[in-house]
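User: I am in my first year and would like a close look at a single part of this protein, namely one helix and whatever it packs against. Please take me through it slowly, in connected prose.

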Amino acid sequence: PEVRDFEPQAALKSPEAGLWHLRGLLPVAEHALRPGAILLCELGSGQGAAALELVLRCGQGFENPRILKDYAGSDRILAARRNAQECGEMV
C-alpha cells in the first residue's frame, strides 16, 4: 500500500509486461541525449533481461548497457551510456 496508494497508476502499470514505456523511451533518448550521457531507468524486479534485450535491439545508440541490482538483489535499474558518436540530430 505504501507504493500503490501514492504512485500514479501509469508509473505502476505498463502494457507489454511492463516494458511499453521503455520501448517508447529508447528511440527518443537515443536522439535526445548528448553523446556520453547515461540513461537510467527504474525497472520492476524480473524485468532486467527483457529491458536489456530492448536496449541491445535499439541499434547502435547505446553502449555498455547493464542492469543494476537493488539491495535485495533484484533487477532495479537499466543503465546505458549514449554512444560517444553522434547518431542523428538531437531534439
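Analyst: The part to look at is helix α4, whose buried residues pack against α3, β2 (62-69) and β3. Please keep in mind throughout that this is a predicted model.

To place the helix, it helps to begin with the whole chain. The secondary structure of the protein comes to four helices and three strands, and from the N terminus on these elements follow the order α-α-α-β-α-β-β. Of the 91 residues of the protein, 25% count as buried. Among contacts between residues at least 6 apart in sequence, 58% join residues that are at least 24 apart.

Now to the helix itself. Which residues of α4 are buried? They are Gly48, Ala51, Leu54 and Val55. When one looks down the axis of α4, these buried residues fall within an arc of 125°, so they line one face of the helix. The face turned away from that buried side carries the exposed residues Ala49, Leu56 and Arg57. Just after α4 comes Gly59, which takes a positive phi of about 120°.

Arg57 deserves a second look, since its side chain meets that of Glu53 in a salt bridge, with 3.8 Å from N to O. Side chains of opposite charge can pair when their charged atoms come close. Glu53 and Arg57 are separated by about one helical turn, because they are four residues apart in helix α4. Arg57 counts as exposed because its relative accessible area is 56%, and Glu53 counts as partly exposed because its value is 42%.

The buried side of α4 leads to the interior of the protein. The largest nonpolar core has 13 residues, and those that touch the most other members are Leu22, Leu26, Leu39, Ala51, Val55, Phe62 and Leu78. The elements that give two or more residues to this core are α3 (20-32), β1, α4 (48-57) and β3 (75-82). Ala51 and Val55, named here among the core residues, are also among the buried residues of α4.

Another member of that core, Leu39, shows how separate stretches of the chain meet. Leaving aside its neighbours within four places in sequence, Leu39 is in contact with Leu25, Leu26, Ala29, Leu33, Phe62, Leu78, Ala79 and Ala80. Three of these partners, Leu26, Phe62 and Leu78, are themselves listed among the core residues that touch the most other members.

Strand β1 (residues 38-42) also includes Ile38, which counts as partly exposed because its relative accessibility is 43%. Together with Leu40 and Leu68, Ile38 makes a nonpolar surface patch of about 270 Å². For the protein as a whole, the exposed area is about 6,100 Å², and carbon and sulfur atoms supply 56% of it.

Phe62, one of the core residues already mentioned, also connects this picture to the segment after β3, where Asn83 lies. Not counting residues up to four places away in sequence, Asn83 touches Pro35, Gly36, Gln60, Gly61, Phe62 and Glu63, and Asn83 counts as buried because its relative accessibility is 14%. Ala84 lies in the segment after β3 as well, but it counts as exposed because its relative accessibility is 56%. With the same near neighbours left out, Ala84 touches Pro35, Gly36 and Glu63. Ala84 and Phe62 are 22 residues apart in sequence, yet their C-alpha atoms are 8.6 Å apart in space.

Finally, how many salt bridges does the structure hold? It holds three, and the pair on α4 described above, Glu53 with Arg57, is one of them. Another joins Lys69 to Asp75, with the closest N and O atoms 2.6 Å apart; Lys69 counts as exposed because its relative accessibility is 54%, whereas Asp75 counts as buried because its relative accessibility is 15%. There is also a salt bridge between Arg76 and Asp70, whose closest N and O atoms are 3.0 Å apart. Arg76 counts as partly exposed because its relative accessible area is 23%, and Asp70 counts as partly exposed because its relative accessible area is 25%.

To return to the starting point, α4 has buried residues that line one face and pack against α3, β2 and β3, while Ala49, Leu56 and Arg57 are exposed on the face turned away.

Conventions. Residues are numbered from 1 along each chain as its sequence is written. This is a predicted model: local features need pLDDT of at least 70, side-chain atom pairs count only at pLDDT 80 or more; totals for chains, interfaces and linings use all residues. Side-chain values use heavy atoms; hydrogens and water are left out. Patches are made of residues with over 30% relative accessible area and no salt bridge: like charges are joined within 9 Å, nonpolar side chains (Val, Leu, Ile, Met, Phe, Trp, Tyr) within 5 Å. Accessible areas come from the Shrake-Rupley method with a 1.4 Å probe; for residues, only the protein chains shown count as cover. A salt bridge is a side-chain nitrogen of Lys or Arg within 4 Å of a carboxyl oxygen of Asp or Glu. Buried means under 20% relative accessible area, exposed over 50%, partly exposed in between (1.4 Å probe, protein chains only). A nonpolar core is a set of buried Ala, Val, Leu, Ile, Met, Phe, Trp, Tyr and Cys residues joined through side-chain atoms within 4.5 Å. Contact means heavy atoms within 4.5 Å. The arc is that of the directions from the helix axis to the C-beta atoms.
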